[in-house]
Amino acid sequence: MRKTRPRNGGTNLDGDAGDGISTPTDKANIPTDLLRTFVAICELGSFTKAAHLFGLTQPAVSAHMRRLESIVGSDLIEKNTSGVKLTNCGVEVLRQGRRILSINDQIVSCGGQQPNLQVIRLGIPNLFAQTKLKQIVDECRGKIGKARLQIRCENSGNLLNSIRSGYLDLAFAMGSEEQLKHARRSWSEELVWARAPEFDWEPSDPVPLISSPNVLLPDRTAMETLEQAGQRYDIVFTAFDMMARRAAAASGLGYLVLLRSMVPPPLVAEAAGVLPALPSITMGIVAREDLDTTDLAPLIAAFESVLMAPT
């Protein structure tokens with residue numbers, strides 16, 4: 001249950017409670033420095049790192065958060081030891097807070113002062129880092145003016161969560177049709193059973209699978225396909241690192257499920273009919289809900305063109 005906090009009440013300019021006439025100070029106002037602290041904590045994942053960023057002490061950062069939560073009237077960050085996890089209210093404050101800070105910086109720039117450089121945050125799945133990352137950097141860097149580019153490589157599930165939470169501005173991800181229903185662009189690609197050329201599997205044996213420990217979408221799809229076909233399988237190798245999983249497949253340990261367009265030499269796609277056919281997988285480019293896409297149109301177009309081009 002979300003914890004609510006008492007709000008700081010407003011008073012009129014004379015310090016009285018007021019006589020029923022609404023004044024500007026009847027509404028609680030959030031100082032932008034509190035929002036900047038909160039956004040920094042979310043982006044850096046740590047109170048300590050946020051303190052270093054602003055040259056503050058950690059108690060000062062904690063005080064900022066207490067004051068912000070007092071104004072909002074709710075806890076924004078759940079208390080745990082596994083990093084920064086936002087409450088439902090915290091997710092919304094982060095989303096709206098970014099907009100407020102962006103507008104603030106635009107207003108300040110009208111007076112000739114230079115605001116902090118805008119940061120554009122892109123996300124791509126680890127699977128595509130080797131083949132797409134350099135193209136993304138080359139094509140997108142020249143489309144953002146003086147803004148800074150940040151790129152995160154993660155699994156698709158975490159990328160989609162980061163988009164919803166406001167940690168990323170634009171991401172390329174794999175997911176279900178439901179997860180990608182609001183994607184700017186979406187398409188399907190075929191999954192295949194990739195193996196070493198000399199690998200030989202006996203149909204009477206369980207299918208040896210190479211997987212990520214957190215069972216990514218291609219891994220889940222492979223398991224569900226085999227289960228629906230009544231085919232036994234064993235997980236014979238796990239690694240978070242895709243390069244390690246590819247090496248395991250190239251060593252002849254078992255099958256690695258990949259997009260057909262992403263099967264690297266020396267791996268080959270298994271012939272049709274040897275194993276149950278895998279369904280296609282949905283891929284898409286998603287944007288943060290409140291992202292102002294007008295000024296970023298050249299960047300978005302470049303990002304989309306790289307990701308939708310044949311590998």
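**Figure 1. Proline 266 sits in the loop between E9 and strand E10 (268–269).** In this predicted model, the peptide bond from proline 265 to proline 266 is cis, with omega near 5 degrees. For context, most residues other than glycine have a negative phi, and most peptide bonds are trans.

**Figure 2. Valine 215 has a positive phi.** Here we move to the loop between E7 and H7, where valine 215 lies. Its phi is near 50 degrees, a positive value in a residue other than glycine. Is valine 215 buried or partly exposed? Its relative accessibility is 26%, so valine 215 counts as partly exposed.

**Figure 3. The largest cavity has a volume of about 40 Å³.** A search of the whole structure finds 1 cavity of 30 Å³ or more. Rolling a probe the size of a water molecule over the atoms shows where empty space is left. Which elements supply at least two residues each to the lining of this cavity? Take a look at strand E7 (207–211), helix H7 (217–228) and strand E9 (256–259), which each do so. The residues lining the cavity are Leu209, Ile210, Ser211, Asp219, Ala222, Met223, Tyr255, Leu256 and Val257.

**Figure 4. Strand E3 (residues 119–125) is mostly covered.** Of its 7 residues, 7 are buried. In a regular strand the side chains alternate between the two faces of the sheet. On one side of E3 you will find Val119, Arg121, Gly123 and Pro125, and on the other Ile120, Leu122 and Ile124; all are buried, leaving both faces covered.

**Figure 5. E3 and strand E4 (residues 148–154) run parallel.** The two strands are joined by 7 bridges. One pair to pick out is proline 125 of E3 with glutamate 154, its bridge partner in E4. Helix H5 (residues 129–140) completes the view: together with E3 and E4, H5 makes a right-handed β-α-β unit.

**Figure 6. Strand E5 (residues 170–175) pairs with E3 in parallel and with strand E11 (residues 280–287) in the antiparallel sense.** Between E3 and E5 there are 2 bridges. Leucine 122 stands opposite leucine 170 in E5, and the E5 bridge partner of glycine 123 is alanine 171. Alanine 171 also leads us over to E11, where its bridge partner is valine 286. The pairing of E5 with E11 extends over 6 bridges.

**Figure 7. E5 is largely enclosed by the rest of the structure, because 6 of its 6 residues are buried.** Follow the side chains along the strand: Leu170, Phe172 and Met174 point one way from E5, while Ala171, Ala173 and Gly175 point the other way. Both sets are buried.

**Figure 8. Helix H9 (residues 297–308) has 12 residues.** From its first C-alpha to its last, H9 reaches 16 Å, close to the 16 Å expected at 1.5 Å a residue. Which residues of H9 are buried? They are Leu299, Ile300, Ala302, Phe303, Glu304, Val306 and Leu307. An α-helix has 3.6 residues a turn, so residues three or four places apart point the same way. What covers the buried residues of H9 includes several elements from the earlier views, namely E3, H5, E5 and E11, as well as strand E6 (185–195).

How values were computed. Residues are numbered from 1 along each chain as its sequence is written. This is a predicted model: local features need pLDDT of at least 70, side-chain atom pairs count only at pLDDT 80 or more; totals for chains, interfaces and linings use all residues. Side-chain values use heavy atoms; hydrogens and water are left out. Buried means under 20% relative accessible area, exposed over 50%, partly exposed in between (1.4 Å probe, protein chains only). Helices (H or I, at least four residues) and strands (E, at least two) are DSSP runs, numbered from the N terminus. Two strands pair if DSSP finds at least two bridges between them. A crossover is right-handed if, with the strands pointing away from the viewer, the path from the first strand over the helix to the second runs clockwise. The expected span of a helix is 1.5 Å times one less than its number of residues. Contact means heavy atoms within 4.5 Å. On a 1 Å grid over the protein atoms alone, a cavity is a set of points where a 1.4 Å probe fits but cannot get out, and a pocket is an open set with protein on both sides within 12 Å along at least five of seven lines; lining residues have an atom within 4 Å of a point. Grid points are joined across faces, edges and corners, and a volume is the space filled by probe spheres set on the points.
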